[in-house]
Every structure is written in structure tokens, then in C-alpha cells.
Amino acid sequence: MTAPIARDWDAIVIGSGMTGGWAAMELTRLGLRTLVLEGGRPLVAERDAREHVAPFEMPFRGLNDRRAIGERQPVQQRSVSFDEISRRYWVDDVDHPYSTPEGARRFDWFRARQMGGKSTVWGRQVYRMSDLDFEANLHDGIGVDWPIRYADLAPWYDHVERFIGVSGQAEQLAQLPDGQFLPPMSLNCVEQHVRDRIAARYGRERVLTIGRVAVLTVPHNGRGACHYCGPCERGCTTRSYFSSVNATLPVAQATGRMTLRPFSVVRSLVLDRRRRRVRGVHVIDAETGEEHAFTARVVFLCASALESARLLLNSASPQFPDGLANGSDQVGRNVMDHIKWGGATGRVDGFDDRRVIGARPNGIYVPRFRNVADRHPDFTRGYGFQGGAGRGGWEAAARAPGLGAAFKQQLTRLGPWSMTFNGYGEMLPRESNRATVHPTLRDRWGIPSLHVEAAWSANELAIHRDMGVTASELLEAAGAHDIRVHTHGPSTPGNANHEMGTARMGRDPRTSVLNRWNQAWEVPNLFVTDGACMASSGSQNPSLTYMALTARAVAHAAGELRRGRL
């Protein structure tokens, strides 16, 4: 039974993660009373971050409670950010079920449900998309054309980067536009060597640079510089990496116009049938099970690509029998991720008197070079490489047999240097990669769950194969030895944790869900600004684009409210 509407707001934001935090900050700065609904618990960086806990202080010495994880988090444990401490940021898979097709077509759906969402555990890599990406669908005749171009988003990239703080190196590459950078982190000695050898072989065609990362190298906007302790996925007491908890939500809170309601699981959006506007939301209190309703003039859906699609599909009505704002039948379709686990590793001789000091929270980046100037015969689009160089150390010896003083001495010796390139490749949008509402499966709160079907196409698999070829070429150019092409891929769809595309932007309401302002064509006061909006995936980590689109959409929504159009 639905409780009567309790409170009215100017704006409601569903989700407090990467885009929810940005929506809350921008809305409140523009003077709007904003309610932020978060399904999980509250977090405070100084109280909840655990990045300095040593393995000997952990109950399972950093090796995890494998029995408990096997029972309650069999999916979440596949994330690269999952460990004995950070596991508390990931959902319980029993409480949050979903299904995939029988057989080998697995999809990894990683979910973090607490204040800050996945911005608490993200990889922090931030890269701009370029017109190579925004024009790709039109150029290739795939999916739908983006309704914007780089020039539309460039000032919003600037806006976001100035606030979050991005450490990076300008490279003047058309396919990877430069931004507003803080001082870059340093490449280590072997990475510098590899960079120089690649430049000597390939010039500006293939460029190795330091990763562009939302981690501070100098104090910025009241947050401290990173001290290179390493495990960012456990939180950050100095707020040195960007997250909603560390940066946007405190600013929104300081305006006095934001109320963040934790433990608020949104069941559905409520439609005003006469005005064809969202009137409000139905919420289940995750702790008490009580139901509540809230109303607002505008709603920002920032729950993550698949959760946002789930909410729209679960908000069907006589006006929208297939899901809210789904007259195009595109809600839930075009699920995308990045294909990975392709690349190579090689040994680099020399530099034996050098070692790495500290745990740099960043790696190298090689921007996309395939299908930039020339056409590759086997696939369209491309991929970038992440990775880095390091020395084998005591970790390898710890797995070897040994005992006593000699073994302890062995643990103090560093091994040879190695260099690794890991590819992240673009996934094309295809309507057959789709999330639908499961007919019977429900979560802990009785809300219908999703059934997710997604598979790599021949194009992605060709990209994956090429990663091993070109990574080997880069290592050969660097003079590496014992080059080993990675053979354990391709990754499972979803495993890159970059799900997107389930409510895409477009130029035509018949083939897209959102217009150029992330505004639902059919429900003008509904904005979807998380990864669901993406018309293509690019090969770059996408979070920076989500944040820029959110800030841009809020500015548009606020203007429309002032003009009385919403």
C-alpha cells in the first residue's frame, strides 16, 4: 500500500553516486530545494575510510572470508576493487538478485549501495571523449547519432575538471582532448624508458602518457593532496580522490538546500497523467519497510545505467505500458561495457638499482590509435591501453617454498622489472543487448529484478585479439624480453564496471529516450544523466562524461524551471 505524499521539493535526485552528487550540488547551488534519495547507508570519509588498515589487522589477513563471500557476494567479488575491507561497499547478491541467460552468457553487474555509490570505489581514470567518438555512430551507421558534439560538452568538461581536480599531462591529441589539469604524477624510470622508445618507433601515432586521474597532486578546493598510500577502494580520509562523499555532497549540504535521505529504496516514479510529468517517487525505507512518497517539480534519475532502466521499466502505467518514457522501446536496450583482458606483459632489463617508492594510485595510458587516421580491415572503433611498470618483489617469494633466515632474506630481494599493457576496447550499441524486467524474480524489498542479456560481437572480439598484437609491438619497441600475450580473456560483459546505454540520447524520439539535454522526450521534467544516456561507449573511462552531461543538464533544467516550462 502506498503511503500518502509526505513532502514536496523543487527537485528529487535518485542516487547519490557520481552523477547524483553532481546533480545535487548543481541544483542546490542554483537555489533549488533538493531531496537526494540513497538506497544505502550514510558514509563519512573521516569515519568510514579504512585505507590505512594493514593486513595483520584484518580478521582474514587480507585474504577475505571466502565462505561468506561465496554465499553472499559471488558476483561482487569479481570486481577489481573488491577486497576484505572494500567488500562492505558492494551489495549483497542475495538481497539484490538478477538473472542472465542459461549457459555461458554471464553478465557481471557490480553494484555499490551507500552514500556515494560506486564513486567510493571507482578507478578514478578520467578522459574526455572527442568528436571521433561523438561522430562515430553517424559515420559508421551504427546505433543513433549523438545529439551533441564535443564543442557542446567542452565547457562542461572544463567546469567539472576544475572542481574535481584532475592530474594529467597535456598531449595535444585530437582523439583525446586535453583538459584543466593539475600537475601530473610521474612515470617511473622504466615507464619513461618505454615511453621514449615507443616515441622513437611510432612518433605521435602511439603515445604513452601518465594516466589522467581524479586524484589530487596538490591541495585543491579544501581537499588534501594524495600521500600515495595505495588502496583507494577502501575510502580516503584526506578526501584526495574525487567522490561524491569527498567533494560534491558536502558542497550541496553546505548550501542548506539539500536533504539526503539514506536507506531510501525507490520503487517507482509516479506520473501525473494529465500533465505527462513525473509527479514524484514511491520509496521503501530499507530499514523499516515503511513506504513513503515525495513530490517534486523535476526529477534527476542518477541510479546507474541498469538501475535507472529498471526504475523506468518498473514505472509502467496506462500511458506508458512498456515503462515510463519508453515509447521508443529503447529503455533497457543497447547495454554496453568495455571489453578488456587483452594485452601483453614483458620483462625490461636494467634499472636494477632503481625501485618504486610509495603506491602511486595511477598507471600509464596509451590513447586509442586504431581507426584514428586509417581504417583497420578487421574492426571499427578502437581501444586504449592502461597499465604500468613495476618490479616483482616479496609477493612472488611468499608463494615459493622456503623456511628460516634464508627464506626471510629472499623476501627482501626485488625481482626484475616488467611492463604491462591492458586494453580497454569500445563496445558497439546493439538493441539485442538488453535488460528486461524479470517476470518473477524480486529483490529483498519485493521490487522486480532485471534479466540482463549481453554478449560481445565479432567487432569487440576482433578488437580484443588486436590488443595482444599491438601490446606486443609496443613492448618490442621498448626492447622488452619474454613478452607474454594475455590469454585469459576476453572479459565478461559488465566486468569493466562501465555499464551504459540503457536510455540513450538521440535526435529522434522514435529511436531514443532522451534529447540533447538528457531530458526524456516524453516526460519533460525527467532527466537521466548516468551511464544510461550514452549513445556509444567510446574506449575511454566514461565517468567524466557522465559528470559533464549532468552539470549541463542541471543548468538546462534550472533555466526551464525559471521560464515556467517544467
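**Group meeting: salt bridges, a sheet and a few helices**

Hi everyone, let me start with E205, which is partly exposed, with a relative accessible area of 43%. Please keep in mind throughout that this is a predicted model. The side chain of E205 meets that of R206 in a salt bridge, at 3.8 Å from N to O. R206, for its part, counts as buried, at 5% relative accessibility. Elsewhere, salt bridges with shared partners tie R111, R113, E307, R310 and D443 into one network.

How many salt bridges does the count come to? The total is 44. Let me show you two others that I picked out.

The first pair is D158 and R128, whose closest N and O atoms are 2.5 Å apart. This salt bridge connects distant parts of the chain: D158 sits in helix α6, R128 in the loop between α3 (66–72) and α4 (131–134), and the two are 30 residues apart. Are these partners buried or exposed? D158 counts as buried, at 18% relative accessibility. For those who like cut-offs, the limit for buried is under 20%. R128 is buried too, at 4%.

The second pair is E191 and R360, with 2.9 Å between the closest N and O atoms. Here again distant parts of the chain are linked: E191 belongs to helix α7 (residues 189–202), R360 to the loop between β10 and β11 (364–366), and 169 residues separate them. E191 is buried, and its relative accessible area is 0%.

Helix α7 takes us to the sheet. In what order do the strands of the open sheet run? There are 6 of them, in the order β5-β11-β12-β13-β10-β16, and the pairing is antiparallel. At the edges are β5 (209–210) and β16 (481–485), each of which pairs on one side only. Helix α7 packs on this sheet, where it touches β10, β11, β12 and β13 (417–425). The direction of α7 makes about 65 degrees with that of β13. If you zoom in on β11 and β12 (residues 383–391), you will find 3 bridges joining these antiparallel strands. Look for Y365, which stands opposite Q386 in β12.

There is also some parallel pairing to show you. β2 and β6 pair in the parallel sense, over 4 bridges. In that pairing, V36 has L260 of β6 as its bridge partner. Strand β2 (residues 34–37) is covered on both faces: T34 and V36 are buried on one side, L35 and L37 on the other.

β6 comes up again with helix α8, residues 244–254. Which residues of α8 are buried? They are S244, V245, N246, A247, T248, L249 and A252. The cover over them includes α1 (18–29), α2 (45–48), α6 (150–164) and β6 (258–261). Just after the helix, G256 adopts a positive phi of about 80 degrees.

Let me stay with V245 for a moment, which lies in helix α8. V245 counts as buried, with 8% relative accessibility. Setting aside neighbours within four places in sequence, V245 is in contact with L43, A45, M115, G116, R239 and P250. If you want a distance to check on your own screen, the C-alpha atoms of V245 and V218 are separated by 19 Å, with their positions 27 residues apart along the chain.

Next, a stop at N314. Where does N314 lie? It is in the loop between α9 (305–313) and β10 (343–348). Its side chain reaches the backbone oxygen of P448 at 3.2 Å. Beyond residues up to four places away in sequence, N314 touches R267, S268, V437, I447 and P448.

Last topic: cysteines. The count comes to 0 disulfides. Why is C226 not bonded to C232? The closest cysteine sulfur to that of C226 is indeed the one in C232, but the two are 6.0 Å apart, so they are too far from each other for a bond. The cut-off here is 2.5 Å between the sulfur atoms. From the other end, C232 is in no disulfide either, and C226 holds its nearest cysteine sulfur. C232 is buried, with a relative accessible area of 9%.

That's my tour. Thanks for listening, and I'm happy to go back to any of these spots.

Terms used:
Residues numbered from 1 in each chain as written. Predicted model: local features only at pLDDT ≥ 70, side-chain atom pairs only at ≥ 80, totals over all residues. Heavy atoms only, no water. Buried < 20%, exposed > 50% of the residue type's maximum accessible area, 1.4 Å probe, protein only. Polar contact = N/O pair within 3.5 Å; in protein donor to acceptor, adjacent residues only side chain to side chain. Contact = heavy atoms within 4.5 Å. Salt bridge = Lys/Arg side-chain N within 4 Å of Asp/Glu carboxyl O. Pairing = 2+ DSSP bridges. Axes fitted to C-alpha atoms, helices over the stretch in contact; angles between N-to-C directions.
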